[in-house]
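Let's take a look at a protein chain together. Have the sequence and the picture ready as you read.

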Amino acid sequence: MTPFLPSFPNPPVVVDHTCPDPPEGLVVQQTGIHLATDFYLPFELISLILLVSLIGAITMARQ
């Protein structure tokens with residue numbers, strides 16, 4: 001099952017993990033896919049916490 005990812009002009013490339021040094025573009029693409037799938041929930045939780053703290057700081061500054 002593949003989670004929803006925005007469509008890119010080029011399809012994802014499958015990389016053989018036995019390759020000692022993959023090209024730079026593939027490393028960036030793999031990192032982006034990893035962050036968009038494995039770390040999606042923690043990223044969203046941290047963004048909500050930061051949003052709430054920002055609203056709290058603005059509210060406290062107005063008083």
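Here is a short tour, from the whole chain down to a single residue.

## The whole chain

First things first: this is a predicted model. The protein chain has two helices and zero strands.

How much of the chain is buried? Buried residues make up just 3% of the 63 residues. The accessible surface adds up to about 6000 Å², and 72% of that belongs to carbon and sulfur atoms.

## The annotated stretch

Now look at residues 39-61, where an unreviewed UniProt entry places a "transmembrane region". This span is 96% helix and 0% strand. Its end C-alpha atoms sit 33 Å apart.

## A nonpolar patch

Next, find L41, L45, L48, L51 and I55, which together make a nonpolar surface patch of about 490 Å².

Let's pick one of them, L45, which belongs to helix α2, residues 40-62. Why is L45 called partly exposed? Because its relative accessible area is 46%, which falls between the 20% cut-off for buried and the 50% cut-off for exposed.

Note on methods
Residues are numbered from 1 along each chain as its sequence is written. This is a predicted model: local features need pLDDT of at least 70, side-chain atom pairs count only at pLDDT 80 or more; totals for chains, interfaces and linings use all residues. Side-chain values use heavy atoms; hydrogens and water are left out. Helices (H or I, at least four residues) and strands (E, at least two) are DSSP runs, numbered from the N terminus. Buried means under 20% relative accessible area, exposed over 50%, partly exposed in between (1.4 Å probe, protein chains only). Accessible areas come from the Shrake-Rupley method with a 1.4 Å probe; for residues, only the protein chains shown count as cover. UniProt positions are given in the numbering used here, feature names are shortened, and annotations may be inferred rather than shown by experiment. Patches are made of residues with over 30% relative accessible area and no salt bridge: like charges are joined within 9 Å, nonpolar side chains (Val, Leu, Ile, Met, Phe, Trp, Tyr) within 5 Å. A salt bridge is a side-chain nitrogen of Lys or Arg within 4 Å of a carboxyl oxygen of Asp or Glu.
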